[in-house]
Number of protein chains: 4
Amino acid sequence: MEPVRRRQLIEATIGAIHHDGFQNATIARISKRAGLSVGLVNHYFDGKSDLFEETMQTLVDQTLADVEAGIAAGTTPLDRLMGFVEGHFAPGQRSPEAISAWLSFYLQVGENAGFGRIQQAFDARLLELLAPILADLVPAARREGIAQTLIALAYGLWLRHAYDPWHFDLDVIRAIARDYVDDVVAPA
Amino acid sequence: MEPVRRRQLIEATIGAIHHDGFQNATIARISKRAGLSVGLVNHYFDGKSDLFEETMQTLVDQTLADVEAGIAAGTTPLDRLMGFVEGHFAPGQRSPEAISAWLSFYLQVGENAGFGRIQQAFDARLLELLAPILADLVPAARREGIAQTLIALAYGLWLRHAYDPWHFDLDVIRAIARDYVDDVVAPA
Amino acid sequence: MEPVRRRQLIEATIGAIHHDGFQNATIARISKRAGLSVGLVNHYFDGKSDLFEETMQTLVDQTLADVEAGIAAGTTPLDRLMGFVEGHFAPGQRSPEAISAWLSFYLQVGENAGFGRIQQAFDARLLELLAPILADLVPAARREGIAQTLIALAYGLWLRHAYDPWHFDLDVIRAIARDYVDDVVAPA
Amino acid sequence: MEPVRRRQLIEATIGAIHHDGFQNATIARISKRAGLSVGLVNHYFDGKSDLFEETMQTLVDQTLADVEAGIAAGTTPLDRLMGFVEGHFAPGQRSPEAISAWLSFYLQVGENAGFGRIQQAFDARLLELLAPILADLVPAARREGIAQTLIALAYGLWLRHAYDPWHFDLDVIRAIARDYVDDVVAPA
DNA sequence: TATGAATGAGGATTCATTCAT
DNA sequence: AATGAATGAATCCTCATTCAT
């Protein structure tokens with residue numbers, strides 16, 4: 001029963017953050033959304049903070065899975081690099097619910113120690129994923145800088161997509177990323 | 001008296017958000033930090049929401065002023081482009097207080113109509129500032145994309161600087177931006 | 001306003017403990033009994049614990065005042081000794097409300113650090129009060145033991161009076177104490 | 001199975017009161033401490049109140065057994081009187097667990113009808129035990145008073161031992177009691 | 001006999017706002 | 001212009017009890 005309930009509550013948390021806003025995502029609303037009682041939240045999680053951290057970790061895990069899948073789908077190093085960026089915008093990442101929740105957690109990283117730890121592990125993993133791809137594409141001296149730029153660009157694009165999904169749709173994002181990759185990486 | 005008190009309270013709001021976190025930036029703490037009574041907040045502002053919106057607007061105004069100054073400082077189009085990026089990282093923008101407050105308001109943009117309006121106007125103004133510079137540098141067809149990329153990159157870099165100011169210091173940011181500008185814009 | 005409200009709330013706390021029992025003396029009941037809102041409790045006290053500690057301290061202060069008055073009323077050393085015991089049973093100490101509250105705090109001394117500190121200071125003060133009286137009555141070697149016995153006896157009598165005020169009325173208590181004092185102290 | 005389980009739960013209740021405090025001795029903690037499920041508590045006892053009453057009764061039975069043993073161990077009436085007092089401080093009575101639990105129940109005697117009944121029966125039994133001993137030692141007129149004093153003294157000493165077991169160790173208690181007995185009873 | 005999932009009322013506490021002074 | 005006392009709804013969390021398995 002436990003994994004089922006935990007999953008239910010995490011889904012409901014994401015839904016509540018999207019529907020009511022992070023500030024208004026109360027235990028009462030979350031549990032009602034999950035069709036469960038308030039008591040259960042504290043039965044299966046160690047308080048609201050724990051529920052929220054587990055929710056963020058779930059989002060992180062899904063994003064990493066999508067990014068890894070994006071990389072795996074590429075056959076050439078260049079495709080793999082584009083796959084890295086596009087993985088951030090996989091369907092699961094672009095749902096309004098996921099975006100709202102991601103954004104909320106993301107921007108609280110500095111205030112919330114738990115969120116901070118999760119985000120740092122996430123960033124470290126992204127760098128690990130980029131390293132072997134860039135090794136085949138750019139000279140060692142520029143590798144670090146380009147990796148950081150790519151991540152910063154993905155962050156920035158994702159943020160703008162989050163706020164303006166119609167203008168910054170997948171095609172625009174892909175074009176911007178492709179431009180950067182072509183201009184910076186390809187010539188190397 | 002009014003402009004003085006309003007200024008005091010806006011400063012105190014930014015300080016409280018930095019010191020206590022957005023969630024804990026209560027009217028009581030803000031007014032104590034300003035050395036004023038709680039009653040004054042509602043006297044000079046139309047409730048807490050109004051105070052917060054005015055605070056965000058103040059931050060936006062300051063950022064725009066810094067970006068415009070950055071542009072104005074450049075003599076060549078390329079310098080002006082770099083000035084646009086660097087304006088986002090002017091001293092006033094990099095203070096821990098400003099960063100905390102900025103981040104908090106970003107978080108609320110999607111949930112808070114008032115914050116959303118302020119941010120949209122901010123974005124529109126950034127595009128207006130970029131347009132004439134890019135007109136001298138890149139072919140019309142790529143202008144829009146490159147403008148959006150630059151803004152996305154500035155967002156992303158700013159965000160990463162916010163979370164990791166030591167690793168992403170001004171030099172690193174300048175180098176990343178310069179790389180992008182050189183690679184993408186200069187050849188055109 | 002502050003001293004008035006604090007007094008009101010402390011009185012209401014004593015009343016609520018008597019009327020509803022310590023376990024049921026909730027903030028809601030206490031504030032309703034005081035005719036004030038729940039918010040005020042946390043406005044004037046630092047939470048429920050603080051209110052309870054201040055209440056216990058108030059009881060201690062009153063008891064010490066009564067004991068000191070009892071001692072002061074005696075002209076001979078023996079009378080002063082009896083006054084020490086009888087002070088514990090001054091009218092203010094025997095009100096059902098005071099008894100209920102005293103008992104509750106008293107028996108939680110071991111579980112509650114705050115109550116413990118107050119009680120230790122109380123005990124120390126009682127010994128200070130007894131010392132000069134016994135100095136005139138008993139040989140130095142037995143002074144410490146008799147002081148402790150007297151305090152233990154007062155504790156025990158008070159406890160039994162608390163649980164069975166009709167059987168252990170003031171006359172019985174006075175007789176028991178007088179017996180002890182006569183038998184042990186007088187012959188010396 | 002029933003007597004085993006009931007015994008387990010009563011032991012766990014005493015342990016939980018000592019370890020977590022009376023207020024925090026919840027069904028969940030008690031059952032976990034007993035290594036049993038929460039459901040079992042309500043299966044073998046008629047709710048939490050019943051479990052607690054049975055626990056207090058168990059403590060009373062043990063104390064009475066210790067006091068009776070103390071009396072039985074004495075050969076002279078005076079020894080039997082001292083045995084009465086010392087029985088209250090038999091090893092089982094001085095364990096930290098027993099002291100915590102005893103104190104907690106005392107606290108509730110006034111508020112909880114069930115606890116009150118148990119305590120009254122306990123007191124009555126103590127008087128019954130004292131009566132025949134005192135009959136051999138003191139004139140009828142003072143018998144009642146001295147019995148009550150002895151019980152009050154035992155209560156008071158026990159309470160002080162509970163709060164300060166190092167200072168009020170067994171030797172000190174024995175000395176105080178012996179002093180009283182010698183001074184008051186022996187001359188008779 | 002035994003489990004533990006589930007409930008929801010009740011607890012303390014926080015806080016934006018109002019308003020008499 | 002300025003204060004801060006007062007309110008009470010809203011929040012998170014706890015817990016005894018029930019009940020299907």
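# Exercises on domains, chain contacts and symmetry

In chain A, the C-alpha centres of domain 1 and domain 2 are 27 Å apart. The model examined in these exercises is predicted.

**Exercise 1.** Determine which residues domain 1 and domain 2 of chain A span, and describe how the two domains touch.

*Solution.* Step one is to fix the bounds: the domain assignment of chain A places residues 1–45 in domain 1 and residues 51–185 in domain 2. The next step is to count the contact, to which domain 1 of chain A contributes 10 residues and domain 2 of chain A contributes 11 residues. One then asks which element supplies the largest share on the domain 1 side; this is helix 1 (residues 2–20) of chain A, with 7 residues. Finally, the side of domain 1 that touches domain 2 is sorted by class, giving 7 nonpolar, 3 polar and no charged residues.

**Exercise 2.** Describe the side of chain A that touches chain B, and state which helix of chain A gives the most to that side.

*Solution.* Begin with the contact itself: 28 residues of chain A meet 27 residues of chain B. Two residues count as being in contact when their C-beta atoms, placed from the backbone, lie within 7 Å. On the side of chain A, the elements giving two or more residues are helix 7 (96–106), helix 9 (140–163) and helix 10 (170–185). Helix 9 of chain A gives the most, namely 11 residues. By class, this side of chain A consists of 14 nonpolar, 10 polar and 4 charged residues.

**Exercise 3.** Establish how chain D is related to chain C.

*Solution.* Start from the general principle that two copies of a chain are related by a rotation about an axis and a shift along it. Here, a turn of 179° and a shift of 0.3 Å along the axis lay chain D on chain C with an RMSD of 0.3 Å. The two copies are therefore related as by a two-fold rotation axis. Within chain D, the C-alpha nearest the axis belongs to Gly156(D), at 2.0 Å from it. The same surface serves both copies, as 93% of the contact residues of chain D recur in chain C.

**Exercise 4.** Identify the residues that come nearest to DNA strand E, and classify the surface near this strand.

*Solution.* There are 35 residues around DNA strand E, of which Ser37(A), Gly39(A), Gly47(C), Lys48(C) and Gly39(D) come nearest. Sorting the surface near DNA strand E by class yields 14 nonpolar, 16 polar and 5 charged residues.

Terms used:
Residues are numbered from 1 along each chain as its sequence is written. Chains are lettered from A and ligands numbered from 1 in the order in which they are written. This is a predicted model: local features need pLDDT of at least 70, side-chain atom pairs count only at pLDDT 80 or more; totals for chains, interfaces and linings use all residues. Copies are superposed by least squares on the C-alpha atoms of residues with pLDDT of at least 70 in both. A residue is near a molecule or strand if its C-beta atom, placed from the backbone, lies within 6 Å of it. Ala, Val, Leu, Ile, Met, Phe, Trp, Tyr, Cys and Pro count as nonpolar, Asp, Glu, Lys and Arg as charged, and the others, Gly among them, as polar. Helices (H or I, at least four residues) and strands (E, at least two) are DSSP runs, numbered from the N terminus. Domain bounds come from an automatic or database domain assignment.
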